[in-house]
Every structure is written in C-alpha cells, then in structure tokens.
Amino acid sequence: MLAEAQGCLGCHRSYSAAEIPNPGSRWGSVPRFAAGNARMYAESRREIAEFIRFGAPRSWLDDPAAAARLADQPVRMPAYGGSLSPDEIESLVAFAASVERVGSFPDGVEDEAVAEGRALAREQGCFSCHGVDGSGGLPNPGSLGGFTPGFLGGNFGDMVRDRAEFREWVLDGTSRRLAGNPAVRFFWVRQRVSMPAYRDRLTDEQLEAIWSWIEAARTASE
Ligand code: HEC
Ligand code: HEC
C-alpha cells in the first residue's frame with residue numbers, strides 16, 4: 001500500500017497504537033489516522049491534499065504564527081509534492097479522506113435542518129464522546145467493544161433501529177430493547193463512560209434536526 005511504502009504510517013500510527021508526542025504542535029501530538037480527529041486539522045479533501053503536497057494547509061503556511069509553530073515543532077509533516085506524481089497524491093488523498101471520513105459528508109450542507117443538526121451535535125458535546133462528526137472510536141474501558149460507538153459505522157443499525165430508538169437513546173441515555181438483554185447490562189454497569197440523558201436539554205425540534213443530520217451523514221458515507 002502506498003501510504004505504508006511512503007512511511008506515512010510511521011508517523012500516523014494505527015488507532016490501537018499510542019500517538020507520537022509532538023510538543024509545540026497545534027494539538028501536541030501526531031494525529032493517528034481513523035481516530036476521529038481529522039477535522040481538527042483538515043476540513044476538506046482540498047486541505048488533505050495540501051497537507052500531502054506542502055506538509056501543511058496553505059492557510060497555515062500563509063499565517064506567520066502558524067508557520068513559526070511548524071518551524072519549531074519536533075515532528076513535521078513532510079511535503080510530498082516534489083517526489084510523488086499527481087496520481088500518487090490523488091490516491092493518498094483518497095486513502096486519507098476515507099480513513100478520516102473527510103468528504104464523506106459534504107462541507108457545504110444545503111439542507112437547513114441537517115446543517116443545524118450537525119451544529120447542535122457539536123454544541124451539545126456529542127462529538128467529545130462519539131468522535132468528530134460521529135466518527136466514533138473514543139476509548140471506553142469496560143464497555144463491550146472497548147470504545148464509544150460512532151454514528152456512521154455498520155453496527156449503528158444494530159443499536160439504533162429507527163427514529164424511535166434514537167429518541168430513547170438521546171432523551172433517556174438508554175435503549176429499552178437493549179436494556180432487556182443481560183449480556184448488554186453486564187457491560188453497561190462496568191463501562192467507564194455512559195450515554196447521558198438529554199431530556200431536559202433538547203427540544204423535540206433539536207432532536208429531529210440531529211436525527212436528520214445523522215441520516216444524511218450515513219447516506220453520504222455509504
Ligand atoms: C515525519 C512524520 C510524518 C510523516 C512521514 C507523514 N506525516 Fe502526515 N502529518 C504529520 C504531522 C506532525 C501532522 C499534523 C500537522 C502538524 O501538527 O504539524 C500531519 C498531518 C497530516 C494530515 C492532516 C491531519 C489528519 O489527521 O488527517 C494528513 C491527511 C496527513 N498528514 C497525511 C499523510 C500522508 C498521506 C503521509 C504519507 C504520504 C504522511 N502524512 C506522512 C507528520 C507526518
Ligand atoms: C459522556 C459521553 C457521551 C456524550 C456526551 C454523548 N454520548 Fe451518546 N453514547 C455514549 C456511550 C458510551 C454510548 C454507548 C451506549 C452505552 O453503552 O451507554 C452512547 C450511545 C449513543 C447512541 C446509540 C449507539 C450508537 O451506535 O451511537 C446514540 C444514537 C447516541 N449515543 C447519540 C448521542 C447524541 C446525539 C449525543 C449528543 C446530543 C450524545 N450521544 C452524547 C456516550 C456519550
């Protein structure tokens with residue numbers, strides 16, 4: 001695989017490995033791929049391409065404070081623009097965008113409820129447990145899979161069959177169907193992080209907006 005051959009994975013460790021510390025950099029470490037933090041760096045495929053070609057997005061390189069930060073940090077993203085062909089860069093962008101799920105959801109969201117749902121999910125802290133844009137994967141010791149589930153993956157449908165179950169999850173922090181399963185309860189009492197109940201914090205309309213955002217994001221990432 002090209003990303004492996006080019007040494008990308010030497011710096012961008014797999015999700016199960018520890019991140020490489022990078023003191024002085026924007027977030028203090030070298031981001032792992034698929035850890036749900038892509039959008040802390042790159043908002044779009046264009047910015048991912050700029051990372052790979054120039055070692056940083058243009059907006060960072062053009063900003064004196066960001067450029068000074070880059071010059072000082074121990075680990076720096078190399079610029080591959082001079083050594084890889086446009087096709088190779090394109091395939092690395094496709095690889096990074098897919099593991100990072102950037103571009104799986106359009107940046108310029110047109111539907112108002114969908115855009116509002118995404119903004120609400122961010123404001124309400126859903127991303128701090130479910131990953132940026134619901135990409136999942138934040139550790140949850142003692143839980144069934146060992147991490148907090150996302151909204152996009154294949155097993156979302158097992159935990160949330162429909163809108164009614166979604167409402168239960170968010171309003172009550174649980175699912176009556178799953179709570180009846182002893183194996184599930186075994187993990188629920190042990191896990192470190194649990195789903196909070198938002199009953200007093202979200203209106204019906206806000207809940208519906210978040211649901212339409214999740215549905216749109218799931219459709220876009222299929
Ligand atoms: C020498 C270490 C190093 C190597 C090798 C490296 N990167 Fe990076 N990369 C970084 C650092 C550090 C950042 C974060 C930007 C910062 O804080 O300066 C980054 C950021 C990124 C980002 C944006 C952040 C994210 O998580 O999506 C992408 C995409 C990326 N690199 C892709 C690649 C690809 C593809 C390769 C191989 C062609 C590669 N990198 C090789 C160090 C490296
Ligand atoms: C404190 C961390 C935390 C926050 C904040 C949080 N969740 Fe959760 N959520 C969880 C955990 C952990 C689970 C897994 C179910 C369980 O075992 O309790 C979960 C489960 C879910 C589920 C069902 C499982 C799945 O596949 O995703 C949905 C839907 C959900 N949360 C939506 C939301 C929404 C929407 C918000 C914001 C309004 C939110 N969560 C905020 C931790 C959190």
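Modeller: A polar contact is a pair of N or O atoms within 3.5 Å. Keep that cut-off in mind; this is a predicted model.

Biologist: What makes the pair of Trp 188 and ligand 2 a polar contact?

Modeller: A polar side-chain atom of Trp 188 lies 2.8 Å from an oxygen atom of ligand 2. The limit is 3.5 Å, so the pair counts. Gln 191 also puts a polar side-chain atom 2.7 Å from an oxygen atom of ligand 2. Gly 150 uses a polar backbone atom instead, 3.2 Å from an oxygen atom of this ligand.

Biologist: Which residues are closest to ligand 2, and how many surround it?

Modeller: The shell holds 23 residues. Cys 126, Cys 129, His 130, Gln 191 and Met 195 are the closest. The space that ligand 2 takes is the largest pocket. Elements giving two or more residues to its shell are α8 (126–130), α9 (156–159) and α10 (163–172).

Biologist: What is the space taken by ligand 1, a cavity or a pocket?

Modeller: The largest cavity. A cavity is a set of points where a 1.4 Å probe fits but cannot get out, whereas a pocket is an open set.

Biologist: Which elements give two or more residues to the shell around ligand 1?

Modeller: They are α2, α3 (45–54) and α6. In total, 26 residues surround ligand 1, with Cys 8, Cys 11, His 12, Gln 73 and Met 77 closest. Gln 73 brings a polar side-chain atom to 2.5 Å from an oxygen atom of ligand 1.

Biologist: How do you know that His 12 and Met 77 are donors of the iron atom of ligand 1?

Modeller: Donors are N, O and S atoms within 2.8 Å of the metal. His 12 (NE2) and Met 77 (SD) lie 2.0 Å from the iron atom, so both qualify. The two come from distant parts of the chain, 65 residues apart. His 12 is in the loop between α2 (8–11) and β1 (20–21). Met 77 is in the loop between α5 (64–72) and α6 (86–100).

Biologist: Why is the site of this iron atom called octahedral?

Modeller: The site has six donor atoms, with angles of 87 to 178° among them. Six donors count as octahedral if opposite donors are over 155 degrees apart and all others between 65 and 115. The iron site of ligand 1 is therefore classed as octahedral.

Biologist: Why is His 12 called buried, but Met 77 partly exposed?

Modeller: Buried means under 20% relative accessible area, exposed over 50%, partly exposed in between. His 12 has 12%, so it is buried. Met 77 has 24%, so it counts as partly exposed.

Methods: Residues numbered from 1 in each chain as written. Chains lettered and ligands numbered in written order. Predicted model: local features only at pLDDT ≥ 70, side-chain atom pairs only at ≥ 80, totals over all residues. Heavy atoms only, no water. Donors = N, O, S within 2.8 Å, 3.2 Å for Na, K, Ca; no water. Tetrahedral: all angles 85-135°; square planar, octahedral: opposite > 155°, others 65-115°. Helix = DSSP H or I, 4+ residues; strand = E, 2+ residues; numbered from the N terminus. Buried < 20%, exposed > 50% of the residue type's maximum accessible area, 1.4 Å probe, protein only. Near = heavy atom within 4 Å. Polar contact = N/O pair within 3.5 Å; in protein donor to acceptor, adjacent residues only side chain to side chain. 1 Å grid on protein atoms, 1.4 Å probe; cavity = no way out; pocket = protein on both sides within 12 Å on 5 of 7 lines; lining within 4 Å. Sits in = over half its atoms within 2 Å of the grid points.
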